[in-house]
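Visitor: Hi! Could you walk me through one part of this model?

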Amino acid sequence: MSAASRAPQRSIRTFQRTNSTNRARSRSRGRAVLLTCGAVVAALLLSACGSGGTSGGAGNTGFVTGSDGIATVEKGNRTQAPDLSGKTIDGKQLDVADYRGKIVVLNVWGSWCAPCRLEAKNFKKVSADLKDRGVQFVGINTRDTSTGPALAFEKAYGITYPSLYDPTGRLLLRFKKGTLNPQAIPSTVIIDRDGKIASRSLQALSEEKLRKMLKPILAEK
């Protein structure tokens, strides 16, 4: 075969190798982008056992965060809490809207979360103290892949109020951006008697801070 006839074949093979290399690089970059995007989305949705965070959505917050990390909204500027209904960790049906007329303390927790274990005794005590004052505690258990560890957690810490089971964070995503949405584990959101979001904390709460969150809402008429 002459040199002239071999040249086109070499060009074709070179093109094929180059094209194959480019496709491989493109696939690699695509996988990297997907992994990065997935990590970013997960981080934005929830910070596992985080000690705090900022509100989702900029410029439309309408709330003030104090030096103690507790964010509050004036009564006239509050937004309605989303639909928070489903099965509890013990298999019962629960709808937070049924507690309208009461103050609801909504605590996001996981059995695997060390700060959640630290604050559990505080929630147990305050929930028992305020039960007769129209305050209802409700947990949202998340990222536990089964209800067994969650039930064991409640038994260990003497938690008797109900907890919705939300392993994938589906319920948490119902909170609108720019509102006092729970963004960390643990998070605590207080819903007023009208079913509106009044305050939020993105950290484990001492008994003192939990009572401080509740005090102004208890005083509302």
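**A look at helix α2**

Visitor: What do the buried residues of α2 pack against?
Guide: They pack against three strands, β5 (103-109), β6 (135-142) and β8 (187-191), and against helices α3 (147-157) and α4 (207-218). Contact means heavy atoms within 4.5 Å, and helices (H or I, at least four residues) and strands (E, at least two) are DSSP runs numbered from the N terminus.

Visitor: Is this model predicted or not, and how are things counted?
Guide: It is a predicted model, so local features need pLDDT of at least 70 and side-chain atom pairs pLDDT 80 or more, while totals for chains, interfaces and linings use all residues. Residues are numbered from 1 along each chain as its sequence is written, and side-chain values use heavy atoms, leaving out hydrogens and water.

Visitor: Which α2 residues are buried?
Guide: In α2, Pro115, Cys116, Glu119, Ala120, Asn122, Phe123, Val126, Ser127 and Leu130 are buried (under 20% relative accessible area, 1.4 Å probe, protein chains only).

Visitor: How many residues does α2 have?
Guide: Helix α2 covers residues 114-130, which is 17 residues. From first C-alpha to last, α2 reaches 25 Å, close to the 24 Å expected at 1.5 Å a residue (1.5 Å times one less than the number of residues).

Visitor: New topic: which residues line the largest cavity?
Guide: Among them are Asn107, Trp109, Cys116, Glu119, Ala120, Phe153 and Glu154. A cavity is a set of points on a 1 Å grid over the protein atoms alone where a 1.4 Å probe fits but cannot get out, and lining residues have an atom within 4 Å of a point.

Visitor: And which elements give two or more residues to that lining?
Guide: Those are β5, α2 and α3. Helix α2 gives the most, with three residues.

Conventions:
Buried < 20%, exposed > 50% of the residue type's maximum accessible area, 1.4 Å probe, protein only. 1 Å grid on protein atoms, 1.4 Å probe; cavity = no way out; pocket = protein on both sides within 12 Å on 5 of 7 lines; lining within 4 Å.
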